[in-house]
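The following exercises concern a structure with more than one chain. Please study the sequence and the structure shown here, attempt each task, and then compare your reasoning with the solution.

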Amino acid sequence: MDVGDSIPELRVTPDRFLPHRYAGASGDFNPIHIDKELATQVGLPGNILHGLYGMALVARANAAAAGGDPRSLKRLSVQFRGMGLPEQEIVVSGTVIAVDGDSATVDTVAEQSGKQIIKNARAELRTT
Amino acid sequence: MDASAKGKRFPPFAYEIGKEKIREFAHAVGEDNVVYFDRTAAKAAGLRDIPAPPMFAVVYSAGAVGPALFDPEVGLDFALMVHGGQEFVWGEPVCSGDTITTVAECKDIFEKDGKGFYVFETVSTNQDGDEVVRATWTNIVRGI
């Protein structure tokens, strides 16, 4: 990896029931993620994706860029912005901003329908 | 706003890592590396057992973070709360069979631009005392 390189883009379209599966897997059953009616009543466009699911996609894209080993991700920090929805494509992209020995720093963003849902994501990768 | 809970530490929460829960989580987030599903492949890759994907930290930390978020002294207004930011710093890999103990602390409560910021830190260690994850959870409450 060199400074200025792009990491391979990750494109994922979560299906309608993804938030339910992520709720079960993570234990976060907040109804805004799984109950469309309630979500709409509190002013949301529909049941929204878990922010931490989006972060998991960012983690995947970064680990994959370093070869996919679970030990390749040393640090990841993100800011959640806006909200993600099921059944719309999410695109995770990133650029290497620093390289130091066997360590690389990647600035990453996750977008959906042209809007950022995760911004200022910074990953530190072990590249060997 | 009341920041008296700043510095408060919460009871440790222990979680035993299991390979079927790892499989469920890996499927949900689309992790497809064979090491998350196959013990032989995991060992061939130099891991002690099937590893947890990095973001599995959410699963074993939840039992420590939940009580901190709901603590009446912290006083978070859930109706107006959004998860603003998150950081994980990973250490020793987490594998099936490990027991991970997580301790949460309320690191900071402050107001900025009319919003309340509630920052929690969790530190997770394995059965050998090795740190596996240090996490910062930032929650933002609108209209303080």
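**Exercise 1. Two helices that meet**

Task: Determine how α1(A) and α1(B), whose crossing is left-handed, are oriented towards each other.

Solution. The model is a predicted one.

Step 1. Two packed helices are described by the angle between their axes and the distance between the axes. For helix α1 (residues 18-26) of chain A and α1(B), the angle is about 150° and the axes are 9 Å apart.

Step 2. An angle over 145 degrees counts as roughly antiparallel. The two helices α1(A) and α1(B) are therefore roughly antiparallel to each other.

Step 3. The residues that meet are Arg21(A), Tyr22(A) and Ala25(A) on α1(A), and Glu24(B), Phe25(B) and Ala28(B) on α1(B). Sorted by class, this contact has four nonpolar, no polar and two charged residues.

**Exercise 2. The side of chain B that touches chain A**

Task: State which element of chain B gives the most residues to the side that touches chain A.

Solution.

Step 1. The contact involves 25 residues of chain B and 26 residues of chain A.

Step 2. Three elements of chain B, namely α1 (19-29), α3 (57-70) and β2 (81-90), each supply at least two residues of this side.

Step 3. With eight residues, β2(B) gives the most.

Step 4. By class, the side of chain B that touches chain A has 16 nonpolar, six polar and three charged residues.

**Exercise 3. A sheet built from both chains**

Task: Trace the order of the strands in the open sheet and find its edge strands.

Solution.

Step 1. Strands of a sheet pair through backbone hydrogen bonds, either parallel or antiparallel. Here the pairing is antiparallel, and 10 strands follow the order β1(A)-β3(A)-β4(A)-β5(A)-β2(A)-β2(B)-β5(B)-β4(B)-β3(B)-β1(B).

Step 2. β1 (6-12) of chain A and β1 (13-16) of chain B are the edge strands, as each pairs on one side only.

Step 3. Where the chains join, strand β2 (residues 73-80) of chain A pairs with β2(B) over five bridges. In this region Val78(A) stands opposite Gln86(B).

Step 4. Within chain A, six bridges connect β2(A) and β5(A), and Ser77(A) has Arg122(A) as its bridge partner.

Step 5. Within chain B, β3 (residues 99-112) and β4 (residues 115-125) are joined by 11 bridges, with Ala104(B) opposite Thr122(B). A further 10 bridges join β4(B) to β5 (residues 131-141) of chain B, where Phe117(B) faces Ile140(B).

Step 6. On average, neighbouring strands of the sheet are turned by 20° against each other, direction ignored. The helix α3(B) lies across β1, β2, β3, β4 and β5 of chain B, at about 55° to β3(B).

**Exercise 4. Residues with a positive phi**

Task: Are Asp113(B) and Asn120(A) exposed or partly exposed, and where in the chains do they lie?

Solution.

Step 1. Most residues other than glycine have a negative phi. Asp113(B) departs from this with a phi near 50°, and the phi of Asn120(A) is also near 50°.

Step 2. Asp113(B) is in the loop between β3 and β4 of chain B, strands that form a hairpin with two residues between them. By contrast, Asn120(A) belongs to strand β5 (residues 115-126) of chain A.

Step 3. A residue with 12 or fewer other C-beta atoms within 10 Å counts as exposed. Asp113(B) has 7 such neighbours and is therefore exposed. Asn120(A) has 14 and is therefore partly exposed.

Technical notes. Residues numbered from 1 in each chain as written. Chains lettered and ligands numbered in written order. Predicted model: local features only at pLDDT ≥ 70, side-chain atom pairs only at ≥ 80, totals over all residues. Contact = placed C-beta atoms within 7 Å. Helix = DSSP H or I, 4+ residues; strand = E, 2+ residues; numbered from the N terminus. Nonpolar A, V, L, I, M, F, W, Y, C, P; charged D, E, K, R; others polar. Pairing = 2+ DSSP bridges. Buried ≥ 20, exposed ≤ 12 C-beta atoms within 10 Å, placed from the backbone. Axes fitted to C-alpha atoms, helices over the stretch in contact; angles between N-to-C directions. Parallel < 35°, antiparallel > 145°, perpendicular 65-115°, else oblique. Left-handed = near helix turned anticlockwise from the far one by under 90°.
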